[in-house]
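This briefing goes through selected features of one protein model, grouped by topic. Please keep the sequence and the structure at hand while reading.

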Amino acid sequence: MHLDIWLLLGATLVLCAIIAVRLSHKAGLPTLLAYMGLGLFIGESGPLHIQFDNAELAETLGLAALVLILYEGGITTDWRRMRPSVPSAISVSTIGTLISIGVVALAAMWLVGMDWRPAFLLGAVLAPTDAAAVFSVLRRLPLPSRLMGLLEGESGFNDAPVVIIVVTLSAHSAAPNLAELLGVMVYELAAGAVIGIAIGWLGAQGLRRVALPASGLYPIAVLSLSVGSYGAASLLHASGFLAVYVSAVVLGNARLPHRPATRGFAEGVGWLAQIGLFVMLGLLADPGDLPGQIAPALIIGFVLLLVARPVSVGLSTIGFNLTWGEKIFTSWAGLRGAVPIVLATIPMVAEVASADRLFAIVFNIVVLFTLLQGPTLPLVARWCRLEGDEQARELDVEAAPLEELHADLLEVRIPADSMLSGVEIFELRLPPGASVTLVVRDGSSFVPEPTTPLQSGDTLLVVTTDSVREAAERRLRAVSRKGRLAGWFGETGA
């Protein structure tokens, strides 16, 4: 009977959370507010009176959920868009994070009266932006591609150094050796990145060469590789969070078989992790403790938003040619969400003095400033005169292996601005062993003739042998970029 009740309650909560996604999407708010509201509603002060005060379990489940959220963020990240912004994202997520920690910690000591240890813990906990919030809100805005790459990269990279700092401060009551702490951070970040790249690349090579018997196994394999990279990095005392994000970026951009299914599965896992995480954090929060910490939360929150974040972004992006509008928007778009609240459970588990107060302050800041920043992002983007600069879309090619025929079936979608439009089938000059077997246009399909002209919006099914698949893809991409004379223009489709 207990299992039946819990299954019914869990299904009802998930359905309510899905409805909340729709409502928060229209309001321009991250969904975390609705999820945490559900947690508070069913908690000990709500009608269901569910009591949950196990900070250690919350820390464990929270960190596991963050792994899944980073995995989803990496899988859905467009590397071509993010690649030019990687240096600036690394700078903001390391140098900028350290600057933000220092500014917030000093403000907490001077304005709120905290001791140095909880003050620096508060600064560290609030330093990282939240991947779930950034991905769910900012991807709906027409922003310059390098700015989107910066914000997405920062939210994926900055969890790793902050976790190291929070764990160190929680475990030691004395001031840490800064040189030693910096050395540990450099090693863990570098090793985590290397492990993530290695596992992602090796996994992609294996999945592209081994035809699995069911398409549903590919998403599970990709998830296992990303989560496995976290475990491998942690065993080597490296950054597991960076490893899982980097491996997911590599796998998500590796043109794996059944990539739409893999991406859809990752998004589903990410949503489920967010729902479970935020509802759990709402359960963990004590509604009786929150009102008393609203005043310090507002003080620290405005210091973070108006001083620490702008100063950290301004100093850490020197030399990266960002406009003042882009820097202002980057400062305002530093959304906080699950990450700070989960990190705030680490001092609670370590029984650090004032840890409960710190958790309540962080919870209030996340709720109040998400309400302030989330809905105003489109307005700030207009004030900063930011517009999307998406270049011509690359050709989208998906593949499914035909193991018994030693061939692949490529699904090619022709975007609106592709120069494939108007090109006749014979002008593609695909290598021997590759052929366009079917064209889907306006909901109907037909077998094309050599003189059939292609149109924007068409979907092509191309059968190619294993040996010429790469050459066929390169030729299709080349024609998409430069048209039927792509070779004459020197375009190779790389």
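Which helix gives the most to the lining of the second largest cavity? Helix 5 does, with four residues. The model is a predicted one, and the points below take up its enclosed spaces, one of its pockets, a buried alanine, its aromatic rings and two loop residues.

**Enclosed cavities**

- The structure contains two cavities of 30 Å³ or more, of which the largest holds about 70 Å³ of space, while the second largest has a volume of about 60 Å³.
- The second largest cavity is lined by Val92, Gly96, Thr97, Ser100, Ala127, Glu154, Asn158, Ala308, Arg309, Ser312 and Arg336, and the elements that contribute two or more residues to this lining are helix 5 (86-111) and helix 14.
- Sorted by class, the lining of the second largest cavity comprises three nonpolar, five polar and three charged residues.
- Around the largest cavity, the lining is made up of Gly301, Leu304, Leu305, Arg309, Ser331, Gly334, Arg336, Ile365, Phe369 and Gln373, with helix 14 and helix 17 (355-383) each supplying at least two of these residues.
- Helix 14 makes the greatest contribution to the lining of the largest cavity, namely four residues, and this lining divides into four nonpolar, four polar and two charged residues.
- Arg309 and Arg336 appear in the linings of both the largest cavity and the second largest cavity.

**The second largest pocket**

- The second largest pocket encloses about 510 Å³ of space, and among the 25 residues that line it, Val163, Ile164, Val167, Thr168 and Glu188 are the closest to its centre.
- At least two lining residues of this pocket come from each of helix 3 (55-75), helix 9 (159-171), helix 10 (178-209), helix 11 (217-235) and helix 12 (240-252), and helix 9 provides the largest share, with seven residues.
- In terms of residue class, the lining of the second largest pocket consists of 14 nonpolar, eight polar and three charged residues.

**A buried alanine in helix 14**

- Ala297 belongs to helix 14, which covers residues 294-316, and this alanine counts as buried because its relative accessibility is 0%, below the 20% cut-off.
- Apart from neighbours within four places in sequence, Ala297 makes contact with Ile361, Asn364, Ile365 and Phe369; of these, Ile365 and Phe369 also line the largest cavity.
- Between the C-alpha atoms of Ala297 and Phe363 the separation is 8.6 Å, although the two residues are 66 residues apart along the chain.

**Aromatic rings**

- The model has four aromatic pairs, and one of them is the edge-to-face pair of Phe157 and Tyr245, whose rings are 5.6 Å apart centre to centre with 90 degrees between the planes.
- This pair links distant parts of the chain, since Phe157 sits in helix 8 (residues 145-157) and Tyr245 in helix 12, 88 residues apart.
- Both partners count as buried, Phe157 because its relative accessibility is 11% and Tyr245 because its relative accessibility is 1%.
- Tyr230 and Phe241 form an edge-to-face pair because their planes stand at 70 degrees, with ring centres 5.5 Å apart, and an angle over 60 degrees is what this class requires.
- The pair joins Tyr230 in helix 11 to Phe241 in helix 12, 11 residues apart; here Tyr230 counts as partly exposed at 23% relative accessibility, whereas Phe241 is buried at 5%.
- Another ring has a charged partner: Lys327 lies over the face of Trp324, at 5.2 Å from the ring centre.

**Loop residues with positive phi**

- Most residues other than glycine have a negative phi, and the following two residues can be read against that background.
- Ser354, although not a glycine, has a positive phi of about 65 degrees; Ser354 is placed in the loop between helix 16 (338-349) and helix 17 and counts as partly exposed, with a relative accessibility of 44%.
- Arg385 is likewise not a glycine and has a positive phi of about 55 degrees, and its place is in the loop between helix 17 and strand 1 (396-402).
- With a relative accessibility of 76%, Arg385 counts as exposed, because the cut-off for that class is over 50%.

How values were computed. Residues are numbered from 1 along each chain as its sequence is written. This is a predicted model: local features need pLDDT of at least 70, side-chain atom pairs count only at pLDDT 80 or more; totals for chains, interfaces and linings use all residues. Side-chain values use heavy atoms; hydrogens and water are left out. Buried means under 20% relative accessible area, exposed over 50%, partly exposed in between (1.4 Å probe, protein chains only). Contact means heavy atoms within 4.5 Å. On a 1 Å grid over the protein atoms alone, a cavity is a set of points where a 1.4 Å probe fits but cannot get out, and a pocket is an open set with protein on both sides within 12 Å along at least five of seven lines; lining residues have an atom within 4 Å of a point. Grid points are joined across faces, edges and corners, and a volume is the space filled by probe spheres set on the points. Ala, Val, Leu, Ile, Met, Phe, Trp, Tyr, Cys and Pro count as nonpolar, Asp, Glu, Lys and Arg as charged, and the others, Gly among them, as polar. Rings of Phe, Tyr and Trp (its six-membered ring) pair if their centres lie within 6.5 Å; planes under 30 degrees apart count as stacked, over 60 as edge-to-face and the rest as tilted. A charge sits over a ring if NZ of Lys or CZ of Arg is within 6 Å of the ring centre and within 35 degrees of the ring normal.
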